[in-house]
Amino acid sequence: LNNDTEVLTGWLPQLLEPLMQDTGIGMVGPRLLYKNDTLQSGGIVFNNKSKIPYHIYEHFPADHPVVNKSRYFQALTGACFAVRSKDFYKIKGFDPIYLNGMEDIDFCFRVRKVLQKKILYNPGSTVYHLKGKTVGRGKFIMQNRKIFISKWKSEIINDDMQFYEEDGFIVKEYFTRSPGLDTEITQFFPGLEPIDECCG
């Protein structure tokens with residue numbers, strides 16, 4: 001649990017229950033909200049524009065149906081999650097090669113590859129994430145991204161479209177908030193449109 005979070009009543013049992021009920025689940029994460037009650041993170045996805053992931057449905061209202069679907073992802077943010085202590089120990093926790101960034105995504109990939117276990121987003125647990133309050137939080141972003149890509153490039157699955165199709169959206173375009181020369185380490189975000197509105 002990060003130092004920039006506020007938990008709500010009942011948040012912890014909802015993270016622990018799936019681990020107790022299914023040994024095939026290796027990690028459970030909550031619905032993370034901004035203070036304005038929009039989604040900060042409800043699962044992390046990848047697209048075909050870059051190897052750097054993004055938070056699916058970020059800024060959607062907390063009560064939107066797609067925000068409240070329990071499902072499996074390749075990765076979840078490390079701001080808050082539950083994992084068995086024996087599993088954490090088995091994969092040696094967070095890799096210290098990362099400097100305050102991407103270590104959580106790397107951890108998720110090891111949960112899936114080494115432990116062969118699933119990663120579950122459970123919106124039944126809610127935590128407010130104030131995001132990025134640690135001093136120097138973004139200083140090593142590019143370095144961390146390069147390390148992650150060099151390690152996991154061949155394991156990344158472009159999966160955002162499968163979620164959008166399932167939920168009734170199409171991607172109109174992708175954009176980036178900070179264009180870089182190296183598209184592989186640049187983060188791209190989707191411009192979404194509901195299928196029924198755009199296509200009749």
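This short talk covers one pair of helices, one pocket and one cavity in the structure shown above.

Good morning, colleagues. Please keep in mind throughout that this is a predicted model.

I shall begin with the helices. Helix α3 covers residues 103–113, and helix α4 covers residues 141–152. How do their axes lie with respect to each other? They come within 11 Å and cross at roughly 15 degrees. Angles under 35 degrees count as roughly parallel, and α3 and α4 are therefore roughly parallel to each other. As for handedness, α3 passes α4 in a left-handed crossing.

Which residues meet where these two helices touch? From α3 come Ile 105, Asp 106, Phe 109, Arg 110 and Lys 113. On the side of α4, their partners are Phe 148, Lys 151 and Trp 152. Sorted by class, this contact holds four nonpolar and four charged residues, with no polar ones.

I turn now to empty space in the model. Rolling a probe the size of a water molecule over the atoms reveals where such space is left.

Let us consider the second largest pocket, which holds about 150 Å³ of space. Its lining is made up of 13 residues. Those nearest the centre of the pocket are His 55, Tyr 57, Glu 58, Phe 189 and Pro 190. Two elements give two or more residues to this lining, namely β5, at 54–55, and β9, at 189–194. Of these, β9 supplies the largest share of the lining, with three residues. In terms of class, nine of the lining residues are nonpolar, two are polar and two are charged.

Finally, I come to enclosed space. How many cavities of 30 Å³ or more does a search of the whole structure find? The search finds one. The largest cavity contains about 40 Å³ of space. Which strand gives the most to its lining? That is strand β2, residues 25–33, with three residues. The full lining of the largest cavity consists of Gly 29, Pro 30, Leu 32, Ser 41, Gly 42, Gly 43, Leu 76, Thr 77, Cys 80 and Tyr 121. By class, five of these residues are nonpolar and five are polar, and no charged residue takes part.

To review the main points, α3 and α4 form a left-handed crossing, the second largest pocket draws most on β9, and the largest cavity draws most on β2. Thank you for your attention.

Definitions and conventions: Residues numbered from 1 in each chain as written. Predicted model: local features only at pLDDT ≥ 70, side-chain atom pairs only at ≥ 80, totals over all residues. Heavy atoms only, no water. Axes fitted to C-alpha atoms, helices over the stretch in contact; angles between N-to-C directions. Helix = DSSP H or I, 4+ residues; strand = E, 2+ residues; numbered from the N terminus. Parallel < 35°, antiparallel > 145°, perpendicular 65-115°, else oblique. Left-handed = near helix turned anticlockwise from the far one by under 90°. Contact = heavy atoms within 4.5 Å. Nonpolar A, V, L, I, M, F, W, Y, C, P; charged D, E, K, R; others polar. 1 Å grid on protein atoms, 1.4 Å probe; cavity = no way out; pocket = protein on both sides within 12 Å on 5 of 7 lines; lining within 4 Å. Points joined across faces, edges and corners; volume = space filled by probe spheres on them.
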